[in-house]
Amino acid sequence: MSKTLKMKFKNEIKQWYEMVSNTCGSFLFYEKFGFKFLYKYLRMRYLLTNKLTMPFLEYRVTTKCTLQCRECNHLMPYYSEEAHVKPVSFSDFKQDIDKFLKGVDLIYYFQFVGGETLLVKDLPEMIEYASGKNQLQHIVVITNGTLLPSKKLISAMKKVKRLHVTISNYKGNKDLAEKLKTDELTKILKENNIRYFLHPEDTVWTKSQVLTETYKKDPDIAKENYNRCGLKTCHNICCGKFHLCSMSVFLQRNKPDFEFEQDEIIEIRNGNTLSKNLFRFFDKSYYNFCSHCDFSRTNEFIMPAQQL
Ligand code: SF4
């Protein structure tokens, strides 16, 4: 493992270990003795398997959403109709997960993400399938709190003890009062013994400028943006491709002429070199497409989920 990779691995594992401790609770045996032990345990697994543990992975089940948030840090309202990811089918999910798990040792924090996840008809089957994969250590469903789960979804979620639901909290935005079903949702989850984490009511967002109009292709800017970015550890699978972050997903789907550098996106569905490709991917000290993205430069706090 190179020095860059080792540093990245340690930092990312630490970040997601802290997230677990603060949200879903540490209950895996190797989490109970603190970060040092967890890190050593995962390092030892790496030495034995020669495969990476992915600290965090989001599986994008759709880009369709029930809200149109102007400052959405996944840029959902700005997807063109052709670029949108319609709710993913169970068979596509199964194919991606089966392939991806062959290339890694574990995925520490695995999250179903949208758009709005509860719009996806096959989500219960996906959860059931994910729960049978021991390589997925924590399983998380994230929702914006505007929809209630179906009976089928509740039944799938309550069977999985290592699953929790993360609910965005937009109560600070009074304009959304009629759309939010947060209280009803938390009541249902509680009644069904499904663990959840509701973000604090005083959640604020940062104002984003996000994507620059023209691609500057400047390695110094790319490095600077990448180094200070809070989203750089939020890795994604979307439609059979592995991405660094949601901006990479947006660029790839909405700007067909945009040229990614080699190894900056990984094809999952074709080929058998995923493990090697992931090593190459994480060995980079920055990613060129970051020079197109101003996300890391945003610092003005605003009310959450303001609608377009
Ligand atoms: S700066 Fe780079 S890592 Fe951060 S959101 Fe933008 S493209 Fe992704």
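These are my notebook entries on a predicted model of a protein chain with a ligand.

**Overall build**

I started with the whole chain. I counted up the secondary structure and got 9 helices and 10 strands. Next I looked up the box that the C-alpha atoms fill, which is roughly 50 × 45 × 35 Å along the principal axes. Then I checked the radius of gyration: a compact globule with 308 residues would have one near 19 Å, and the chain has 19 Å, so the two agree.

**The sheet**

I traced the strands and found an open sheet formed by 8 of them. I wrote the order down as β5-β4-β3-β2-β1-β7-β8-β9, with mixed pairing. Which strands sit at the edges? They are β5 (195–198) and β9 (266–267), and each of these pairs on one side only.

I picked out one pair for a closer look. Strand β3, residues 136–143, runs parallel to strand β4, residues 163–167, and 5 bridges link them. For V140 I looked up the bridge partner in β4, and it is H164.

**Two helices side by side**

To describe two packed helices, I need the angle between their axes and the distance between the axes. For α4 (residues 123–131) and α5 (residues 151–158), the angle is about 10° and the axes are 9 Å apart. Angles under 35 degrees count as roughly parallel, and α4 and α5 are therefore roughly parallel to each other.

Who touches whom? On the α4 side I noted L123, P124, I127 and E128, and they meet K152, L153, A156 and M157 of α5. Sorting the residues of this contact gave me 6 nonpolar, 2 charged and no polar.

**Around the ligand**

How many residues surround the ligand? I got 14, and the closest are C229, C245, M247, C290 and C293. I also asked which helices supply at least two residues of this shell. Both α7 (219–227) and α8 (246–254) do. By type, the shell divides into 10 nonpolar residues, 3 polar and 1 charged.

**Backbone oddities**

My reminder to self: most peptide bonds are trans, and most residues other than glycine have a negative phi. I went looking for exceptions.

One is the peptide bond from G114 to G115, which is cis with omega near 20°. I placed G115 in the loop between β2 (107–113) and α4.

Another is N193, which has a positive phi of about 55° although it is not a glycine. I found N193 in a loop too, between α6 (182–191) and β5.

Note on methods: Residues are numbered from 1 along each chain as its sequence is written. This is a predicted model: local features need pLDDT of at least 70, side-chain atom pairs count only at pLDDT 80 or more; totals for chains, interfaces and linings use all residues. A residue is near a molecule or strand if its C-beta atom, placed from the backbone, lies within 6 Å of it. Helices (H or I, at least four residues) and strands (E, at least two) are DSSP runs, numbered from the N terminus. Ala, Val, Leu, Ile, Met, Phe, Trp, Tyr, Cys and Pro count as nonpolar, Asp, Glu, Lys and Arg as charged, and the others, Gly among them, as polar. Two strands pair if DSSP finds at least two bridges between them. Axes are lines fitted to C-alpha atoms, for helices over the stretch in contact, and angles run from 0 to 180 degrees between N-to-C directions. Angles under 35 degrees count as roughly parallel, over 145 as roughly antiparallel, 65 to 115 as roughly perpendicular and the rest as oblique. Two residues are in contact if their C-beta atoms, placed from the backbone, lie within 7 Å. The radius of gyration is taken over C-alpha atoms; the globule rule is 2.2 Å times the number of residues to the power 0.38.
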